[in-house]
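This report walks through one model, site by site. Please have the sequence and the 3D view open.

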Amino acid sequence: MLKYNLIPKPNSYQALDGTYTVSAATEVLCAQEFLSAGNYLTAYLKTSPVKGEGTIKIRKVGGMQPESYTLKVSPEGITAEASDARGAFYAAVTLKMILMQAQKTEGKAIVSGLLIKDCPHYGYRGLQIDESRHFFGTDVVKRVLDQMAFLKLNILHWHLSDDQGFRIESKVFPELNTIAATRKYAGLKGNGLPYRGGEYFALYTQEEIRDVVAYAKTLHIEVIPEIDIPGHTSAILAAYPHLSCKGEPTEAKCENGIFEEILCAGNDAVYDFLEKLFGEICPLFESKYFHIGGDEAAKGHKIWDTCLKCQALRQENGLKNAKELQGYFMSRANEIIKKFGKTAIAWNDCINDSFDESIVCQYWISHNLKAVREQAYKRDLIMSPDRYFYFDYKYKFLPLKKVYKFNEVKAGFGKSGQRIRGIECEHWAEWIDTEEALQFAMFPRAVAFAEVAWTSLENRRYKDFQKRLEWYKTYMRKRGINYSRIEKRVFGVKALPVYHLGKDGEEYRKSEALKLKE
Ligand SMILES: [Zn+2]
């Protein structure tokens, strides 16, 4: 039995005799390369170390798995061991969670003896936010990163371009900073009333992007940008209409949905544009990965079918249909990405065998699950099935328990030879317009998700998780996090948010709320 409410649950835990007392005078001694772990702890302890007032040691040892650590509390002291900086950091995170819960007397924490030996189930533990549809800004993103680190998540997938806006400053393409970053209003239309604040403009400067990436790094979180192509590009095409098949003017979309706007696959100017743009964006990020989207391009395929340039290219290359043309397009985008030393990720609905095996498949839609399972033998795969991990879906459709019960084996993954790298939860922001709404969608589902990502299947029990979650809820209340109180699934409720995700732990209709105000 765990003495403390640790989430994610450590994979091995043993109670030891005795206790150890920690105070603000306790020294934190750590290996030079584990400084981030030491800093994380001292920031919490607000330490002013005094010799002889006890020590917490964070030591480097050889031969441990990446990200794994041991943590021992005994009357002799507290010692953490790891072989890499991430492992050491996670030891510090676990210890912080323990210290928060330890019995306190006169400003000192009395920690019970224990031995934890821990390592993650998945190496890739991702969380995605979408700032094309709604923009949150640096402060909100940093708070999300803090929460992620506390839950031992290690990848932020940052969706920065879509039909509703392009959100990274470009020094090469100035119209991206104005036209592509602006929509007439941010749509909650069809779900209440349109945004009343008028024009919606937002973007990150390159300096802000670097700042977020550097902040994430101190928390051992890698940031992967996504520039979604060839569909979901209305904002880019509003700025540069000559990159579309018809060359007609368009606008960054106010409303939500899937649109026909698509980059022309038969125009070399498009590939030149992507090369310059990716060349500018890639160096801002340290991750080796770069997400090139590729999803939901079917409406655009109809445009490709009527475009002379696209037709000529198809004939030249013997491509039978628009799907194959997209394969060609994604391959060329991948070649560009490779030139900048990155590995491309793309959504599963565009991937087939013709794709270079270096392209990572991100599985979200299950309509052809057999093909996805097959792809897992051919390339690295990240799992974010919408029915489990799309946290913009309503709680009544995707409750906490369902998230927790995700089982890769039952889903037909986890077979020997399959290259499953990990899982990711998504926060599409069509209907998420504030930090409060983002927190509502995220919590407590992301807490369950973190345990699915870290703790092996045989160590997970939902009832046991629920007990530990009670402590996490107290923690969230103290921090003012607007988490959802909805527990149960309601059958017949649609996934997509006809409801706005809102305050007070309940889902409510934006239109009803507005009506009440009027
Ligand atoms: Zn075309």
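## Ala437 and its helix

Ala437 has a relative accessibility of 2%, so it counts as buried (buried means under 20% relative accessible area, exposed over 50%, partly exposed in between, with a 1.4 Å probe and protein chains only). Ala437 sits in helix α14. Helices here are DSSP runs (H or I, at least four residues), as are strands (E, at least two), numbered from the N terminus. Between Ala437 and Met148 lie 17 Å in space, C-alpha to C-alpha, and the two are 289 residues apart in sequence.

Helix α14 spans residues 435-442, and 6 of its 8 residues are buried, so the rest of the structure largely encloses it. Those buried residues are Ala437, Leu438, Gln439, Phe440, Ala441 and Met442.

## Basis of the model

This is a predicted model, in which local features need pLDDT of at least 70 and side-chain atom pairs count only at pLDDT 80 or more, while totals for chains, interfaces and linings use all residues. Residues are numbered from 1 along each chain as its sequence is written, and side-chain values use heavy atoms, with hydrogens and water left out.

## The zinc site

Which residues coordinate the zinc ion? Cys245, Cys264, Cys307 and Cys310 do, each through SG, at 2.3 to 2.4 Å. Donors are N, O and S atoms within 2.8 Å of the metal (3.2 Å for Na, K and Ca); water is not among the atoms, so sites may look incomplete. The 4 donor atoms subtend angles of 105 to 114° around the zinc ion, so the arrangement is tetrahedral (four donors with all angles between 85 and 135 degrees).

The donor spacing in sequence is C-x18-C-x42-C-x2-C. Cys245 and Cys310 link distant parts of the chain, 65 residues apart. Cys245 lies in the loop between α6 (234-239) and α7 (268-281), Cys310 in helix α9 (residues 308-317). Both Cys245 and Cys310 are buried; for Cys310 the relative accessible area is 0%.

## Cysteines without a bond

The structure holds 0 disulfides (pairs of cysteine sulfur atoms within 2.5 Å). Why does Cys425 form no bond? The closest cysteine sulfur, in Cys361, is 18 Å from that of Cys425, which is too far. Cys425 is buried, at 0% relative accessible area.

## A helix crossing

Helix α8 (residues 298-306) and helix α10 (residues 322-339) have axes that come within 10 Å and cross at roughly 95°. Axes are lines fitted to C-alpha atoms, for helices over the stretch in contact, and angles run from 0 to 180 degrees between N-to-C directions. The crossing makes α8 roughly perpendicular to α10 (65 to 115 degrees).

On α8, the contact (heavy atoms within 4.5 Å) involves His301, Trp304 and Asp305. On α10, Ala322, Lys323, Leu325, Gln326 and Phe329 take part.

Note on methods:
Four donors count as tetrahedral if all angles lie between 85 and 135 degrees; four count as square planar and six as octahedral if opposite donors are over 155 degrees apart and all others between 65 and 115; anything else is irregular. Angles under 35 degrees count as roughly parallel, over 145 as roughly antiparallel, 65 to 115 as roughly perpendicular and the rest as oblique.
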